Amino acid sequence: MKIYLDNAATTPLDKEVLKVMVEVMENQYGNPSSIHAHGREVRTLVEKARKTVANLMNTAPANIFFTSGGTEADNTAIKSTIQDFGITHVITSKIEHHAVGHTLEALESQGKIKLSYVETDAKGNINYAQLEELLKSNERSLVSLMHANNEIGTLTDIERVGELCEAYQAIFHCDTVQTMGHYPHDLSKLKAHFVVCSAHKLHGPKGVGFLYVNPSVKIKPMILGGAQERNMRGGTENVYGIVGLAKALEMAYADMESHQNQIQTLKSYMMKELKKAIPEIDFNGETAPEKSLYTVLNVCFPKMEMADMLLFNLDISGISASGGSACSSGSNIGSHVLFAIGADPDRPSVRFSFSKFNTKEEIDYVVQKVKEIFISETSL
Ligand code: PLP
């Protein structure tokens, strides 16, 4: 039995998405910048995809820029804000994805920005009062905070962050990679200047995503070259990827509620069964449905001799998950997120992350294997 529970890392491509991509690959090879019929047809596909994405997000197509994925979109939002608007103070957290964290650290080490970190509690919730203090006591800032944490699943109240940013004239970049297609995003209401999508997190293809740029901010071209993406990002478009992204997002929105119910049920069931099997188990991050991304469950195991072998043994049993333990101070090994929330570095953690393709039978199998591995490790 092979079980895939690493959907926060990437999701399987949906067959329906593949179908539309193959159709384009086979039949639509024109360059969208060419003015002849072959090119024009493909241009129409790209613009149709942009319109689909924009409609789902409740914004205008002109605010959607296709990128190579979440990392590029995060980098662009951050670097553009700093270079184009002369912002020198950034507020972020210690639990951001490396696409954000490493970008900001590099800018800080180049002397371009001063970084302030908003505190996070033991479950990964940000301190909103301190965020307000930071906004109050600094000149116009960039705030870069993620919607859902990719390791522990804790959700941030981004409406509240958006309101705070508006009150203090800050620019708000929100890494929404883990929530796009899983929760509805209404960009006509959300007070964010930048949000981000990566198609492979929602059963779309890898290597494509988009950056939403609020029309109130005008950034300069991200990649110089041709006139693609309305002069903002030179380079021939990833046409199949773009078409696949739009299809994946459309499908995600069509069935969002039923997938949410189905996946949340699996997650709650797994929590209950794991606790029954190994009562000493805890969970990292928030777990209440209204505070936690329903696709992610981060399990904190009791201290064990062969902690390093846990993921390996799961892998041997045909179960793909990811994890580790909190990194020790100053080291790059281990999870910076678990370290930041103060998780015990001696306790191994495993992130199980779900998709619409997972079943209760799979969860039963995983819980059984986890129990077996745990018993054999602790009886060594
Ligand atoms: N941000 C978050 C929260 C993520 O989980 C990921 C992917 O793991 C990224 C950004 C990067 O996205 P991509 O893989 O499309 O570059």
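Mentor: Let's start with a term: a salt bridge is a side-chain nitrogen of Lys or Arg within 4 Å of a carboxyl oxygen of Asp or Glu. This is a predicted model, where local features need pLDDT of at least 70, side-chain atom pairs count only at pLDDT 80 or more, and totals for chains, interfaces and linings use all residues. Residues are numbered from 1 along each chain as its sequence is written, and side-chain values use heavy atoms, leaving out hydrogens and water.

Trainee: What makes K276 and E273 a salt bridge?

Mentor: Their closest N and O atoms are 3.1 Å apart, and the cut-off is within 4 Å, so the pair counts. Both sit in helix α9 (residues 256–277), three residues apart, about one turn of the helix. Helices here are DSSP runs (H or I, at least four residues), numbered from the N terminus.

Trainee: Why is E273 called buried?

Mentor: Buried means under 20% relative accessible area, exposed over 50%, partly exposed in between (1.4 Å probe, protein chains only). E273 has 16%, so it counts as buried, whereas K276, at 58%, counts as exposed.

Trainee: How do you know that R50 and E47 form a salt bridge?

Mentor: Their side chains meet at 2.8 Å, N to O, which is inside the limit of 4 Å, so the name fits. R50 is buried at 2%, while E47 is partly exposed at 30%.

Trainee: Why does the span of helix α2 agree with what's expected?

Mentor: The expected span is 1.5 Å times one less than the number of residues. For the 21 residues of α2 (residues 37–57) that gives 30 Å, and the end C-alpha atoms are 30 Å apart, so they agree.

Notes
Helices (H or I, at least four residues) and strands (E, at least two) are DSSP runs, numbered from the N terminus.
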